Amino acid sequence: MGGSGSKAKGVWPFSGNGTGGDSASDGNEQSVTRLKASTKATPFVFTRRSSLYYDEDGDLAHEFYEETVVTKNGRKKSKLKRIHKNLIPQGTVKLDHPCIHVDFPVVLCEV
């Protein structure tokens, strides 16, 4: 399941020292201030890939269908056929408010 996490194994993109793992000596020292000081990455996500597509007419939607009329045994029946060709992805979309990255290695709230 998933697909939203990073594909790198054993590497934390938000670690300040770049060693790739947590050590017992760090403890709770890994804080947002330390992460902000790091120029490698930020724990916030400001953009995402859109799941919407443009069709030939410039309409924007997740899926496009066209109505086709099928004649079977003298009866006309209409069906919806999904369009897969000539669709252009919307691309990268800026988020209204930043989200926290899924690989952020710090516990934010403990109950």
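This is a guided tour of one chain, stop by stop, with a selection to make at each.

**Whole chain**

The model is predicted. Start with everything shown and colour by secondary structure. The chain has one helix and seven strands. Reading from the N terminus, the order is α-β-β-β-β-β-β-β. Now colour by burial. Of the 111 residues in the chain, 14% are buried. Switch to a surface view. About 9400 Å² is exposed, and carbon and sulfur atoms supply 52% of that area. For contacts, consider pairs of residues at least 6 apart in sequence. Of these, 53% join residues at least 24 apart.

**Stop 1: Phe44 and strand β1**

Select residues 44-49, which make up strand β1. Phe44 is found in this strand. Show its side chain. Phe44 has 33% relative accessibility and counts as partly exposed. Which residues does Phe44 touch, leaving aside those up to four places away in sequence? Select Pro98, Cys99 and Ile100: Phe44 touches these. Draw a C-alpha distance from Phe44 to Pro98. The separation is 5.9 Å, across 54 residues of chain.

**Stop 2: the nonpolar patch**

Keep Phe44 and add Phe46 and Ile100. Together the three form a nonpolar patch on the surface. Their joint accessible area is about 270 Å². Phe46 also lies in strand β1. Is Phe46 buried, exposed or partly exposed? Phe46 is partly exposed, because its relative accessible area is 46%, between the limits of 20% and 50%.

**Stop 3: Asp103**

Move to Asp103, in the segment after β7 (92-100). Asp103 has a relative accessibility of 14%. Asp103 therefore counts as buried, as the limit is under 20%. Add Pro43 to the selection. How far apart are the C-alpha atoms of Asp103 and Pro43? They are separated by 8.3 Å, while the two residues are 60 apart along the chain.

**Stop 4: the salt bridge**

Select Glu63 and Arg82 and show both side chains. The structure holds one salt bridge, and this is the pair: the side chains meet at 3.7 Å, N to O. The pair links distant parts of the chain, 19 residues apart. Glu63 sits in the loop between β3 (60-61) and β4. Arg82 sits in strand β5. Why can such side chains pair? Side chains of opposite charge can do so when their charged atoms come close. Now check exposure at both ends. Glu63 is partly exposed, with a relative accessible area of 39%. Arg82 is partly exposed too, at 39%.

**Stop 5: Ile83**

Step one residue on to Ile83. Ile83 is placed in the loop between β5 and β6. Its relative accessibility is 28%, so Ile83 counts as partly exposed. Set aside residues up to four places away in sequence, and Ile83 touches Phe64, Tyr65 and Glu66. Then select Asp55. The C-alpha atoms of Ile83 and Asp55 are 9.2 Å apart, with their positions 28 residues apart in sequence.

**Stop 6: the positive patch**

Select Lys72, Arg75, Lys77 and Lys79. These residues form a positive surface patch. Which strand gives the most to the patch? Strand β5 (residues 75-82) does, with three residues. Centre on Lys79, whose place is in strand β5. Lys79 is partly exposed, with 45% relative accessible area.

**Stop 7: two asparagines with positive phi**

Finish with the backbone. Select Asn73, in the loop between β4 (65-72) and β5. Phi of Asn73 is near 55 degrees, a positive value in a residue other than glycine. Asn73 is exposed, with a relative accessible area of 74%.

Next, select Asn86. Where does Asn86 lie? Asn86 is in the loop between β5 and β6 (88-89). Asn86 has a positive phi of about 60 degrees, although it is not a glycine. Its relative accessible area is 55%, so Asn86 counts as exposed, the limit being over 50%.

Terms used
Residues numbered from 1 in each chain as written. Predicted model: local features only at pLDDT ≥ 70, side-chain atom pairs only at ≥ 80, totals over all residues. Heavy atoms only, no water. Patch = residues over 30% accessible without salt bridge, like charges linked within 9 Å, V, L, I, M, F, W, Y side chains within 5 Å. Areas by Shrake-Rupley, 256 points an atom, 1.4 Å probe, with all protein chains shown as cover. Salt bridge = Lys/Arg side-chain N within 4 Å of Asp/Glu carboxyl O. Lys, Arg positive; Asp, Glu negative; His and termini not counted. Charge placed at Lys NZ, Arg CZ, Asp CG, Glu CD. Helix = DSSP H or I, 4+ residues; strand = E, 2+ residues; numbered from the N terminus. Buried < 20%, exposed > 50% of the residue type's maximum accessible area, 1.4 Å probe, protein only. Contact = heavy atoms within 4.5 Å.
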